[in-house]
Amino acid sequence: MASSTVSFIIIIITTVLLPALSSQLSDLFPSNNPPPFLGKHSHPIKQPNHHQQYRYETRYFSQPLDHFSFLDLPRFRQRYLINTEHWVGPSRSGPIFLYCGNEGDIEWFAVNTGFVWDIAPRFGAMILFPEHRYYGDSMPFGSKEEAYRNATTLSYLTAEQALADFAVLITDLKKNLSAEGCPVVLFGGSYGGMLAAWMRLKYPHIAVGALASSAPILQFEDIVPPETFYNIVSNSFKRESSSCFDTIKNSWNALRSEGQKEDGLKQLSKTFHLCRELTSVQGLSDWLDSAYSYLAMVNYPYPSNFLMPLPGHPIREVCKKIDGSPAGSSILERIFNGVSVYYNYTGEFDCFQLDDDPHGMDVWNWQACTEMVMPMSSDQNTSMFPAYDWDYSAFREECQRDFQVTPRPRWITTEFGGHDIEHVLKSFGSNIIFSNGLLDPWSGGSVLKNISETIIALITKEGAHHIDLRASSTEDPDWLVEQRATEIKLIQGWIYNYTKKMKATFEI
């Protein structure tokens, strides 16, 4: 009798209480957040020292609004940055290094892609950074306000149109410089890495190869499990400290409980030093999620200033703060001490401003709501985040509400592929490097094994988000130096083979 009673109690707990708790926690962590790419951190570069370090000329190119229509539509000015200081010119088939602009201001990506600048002199290469349409200064319809006005004006913001922009720009530039015979090598990190890989596949006659760093081209439909991203984030914290992992995992309950108290939002605002009093717990939950996710992405082994001023091994430092909080500290006080490493490592801020409207008319949200549909979920057993399942219906409803548009979750794999990627790339692709660090949560959606002799996966156990594209430093670990040396050797091979074929064709 006692045994059956225990069994009954276990059934009640597992079938009623745990799902209810999971449902309550999922209210803090909606399944329809856009994927956390880096564009939200991009900003115009104003510091003169950056221009001294990386010299470039800013130019503009007149682009068609729609490359795939013959309607007489207005054109727009696409900004691009160019440096020809080390280019050996068309007479010597000087290569052109083209970075595929991401979801943000192109100057920010230019000054944070030091690898391209570091290696250009040894290749005698021109450097080109074209900006992605609808970002930075590359605004259709004359202004950001007009470009972002509604679904009609935003409808020309797609990866396909962006790749066509790059193809048209480089083709025109090479013609004007009598450089039709100069090989083009593509570079890109994160979404830009996806664009670089896709452009090599879509326009193989325009570029001889692509370095696609931290490019999650498989993060679509059901190609990889939707919990992959948050599992990797969680593991990055757990490997530093299991108690740190547990504290974060338990903090969501504490956050929700505090928020339900009579003065709970006021107390939470005080605990987390917010500039304005919270109106809901959700904004604070999103703020914490962003910190943990971005910390995992930029968990570099040396100090960096990519997203925020951060120490080397920043997750380690966060966990030290959480675990080392004074005796008697509440769980939420410990969490604040930890995330302050991300949001206030320099100590210059007295209070923190949360995003006013994380679900507003943000242009990356538009891309996530149309074709960049990347399923995300959080597993109750393996993640430190509240458990939730990917809910496409809720995601679709929010996109329809915010943008009056219905997502196309299968379009990217239809346009660029993804299913059975090994067979497809082996049969139809060549000269692509997929570089990934396994600490990067986006690595789970990328290509992690060699496909052929020319489709290469470079994997580093301790690497984070496109660390190989960062500028070289005396603090670089040996594995990073070796990784970049391999990339350089592969790029040299692409250019050599191209030049050899061109020479043989000319002689014939």
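These legends accompany a set of close-up views of a predicted model.

**View 1. Strand β2 sits between two antiparallel partners, β1 and β4.** Start with the pairing to strand β1 (residues 57-64), which is joined to β2 by eight bridges and runs antiparallel to it. Within this pairing, look for Phe-61, which stands opposite Gln-78 in β2. Strand β4 (residues 126-130) is also antiparallel to β2, and four bridges join the two. Here Asn-83 has Ile-127 of β4 as its bridge partner. Strand β2 itself covers residues 75-83, and seven of these nine residues are buried, so the strand is largely enclosed by the rest of the structure.

**View 2. The second largest cavity has a lining without charged residues.** The structure holds two cavities of 30 Å³ or more, and this view takes you into the second largest, with a space of about 40 Å³. Its lining includes the aromatic residues Tyr-99, Phe-109 and Phe-306. Asn-102, Asn-112, Thr-113, Gly-189 and His-466 also line the cavity. Sorted by type, the lining residues come to three nonpolar and five polar, with no charged residue.

**View 3. Lys-449 and Glu-422 form a salt bridge between distant parts of the chain.** The side chains of Lys-449 and Glu-422 meet with N and O 3.0 Å apart. Lys-449 belongs to the loop between β7 (432-437) and β8 (455-460), whereas Glu-422 is in helix α18 (residues 421-428), and 27 residues separate the two. Both ends of this pair are partly exposed: Lys-449 has a relative accessible area of 48%, and Glu-422 has one of 31%.

**View 4. Arg-484 and Asp-476 form a salt bridge in which both residues are buried.** In this pair, the closest N and O atoms are 2.7 Å apart. The relative accessible area is 6% for Arg-484 and 10% for Asp-476. Because buried means under 20% relative accessible area, Arg-484 and Asp-476 both count as buried. Elsewhere, salt bridges that share partners join Arg-79, Asp-105, Glu-107, Glu-131 and Asp-137 into one network. The structure has 17 salt bridges in total.

**View 5. Lys-261 meets a buried partner, Glu-258.** A salt bridge brings the side chains of Lys-261 and Glu-258 together, at 3.2 Å from N to O. Glu-258 is buried, and its relative accessible area is 17%.

**View 6. Helix α15 (residues 363-370) is mostly covered.** How many of its eight residues are buried? The count is eight of eight. Among them are the tryptophans Trp-364 and Trp-366, together with Val-363, Asn-365 and Cys-369. Gln-367, Ala-368 and Thr-370 are buried too. Around the helix, you can find what these buried residues pack against: α6 (151-154), α8 (191-202) and α16 (392-403).

**View 7. Thr-382 lies in the loop that follows on from α15 towards α16.** With a relative accessibility of 36%, Thr-382 counts as partly exposed. Which residues does Thr-382 contact, leaving aside its neighbours within four places in sequence? They are Asn-231, Ser-234 and Phe-245. Include Tyr-230 in the view as well: the C-alpha atoms of Thr-382 and Tyr-230 are 8.8 Å apart in space, although the two residues are 152 apart in sequence.

Technical notes:
Residues numbered from 1 in each chain as written. Predicted model: local features only at pLDDT ≥ 70, side-chain atom pairs only at ≥ 80, totals over all residues. Heavy atoms only, no water. 1 Å grid on protein atoms, 1.4 Å probe; cavity = no way out; pocket = protein on both sides within 12 Å on 5 of 7 lines; lining within 4 Å. Points joined across faces, edges and corners; volume = space filled by probe spheres on them. Nonpolar A, V, L, I, M, F, W, Y, C, P; charged D, E, K, R; others polar. Buried < 20%, exposed > 50% of the residue type's maximum accessible area, 1.4 Å probe, protein only. Pairing = 2+ DSSP bridges. Salt bridge = Lys/Arg side-chain N within 4 Å of Asp/Glu carboxyl O. Contact = heavy atoms within 4.5 Å.
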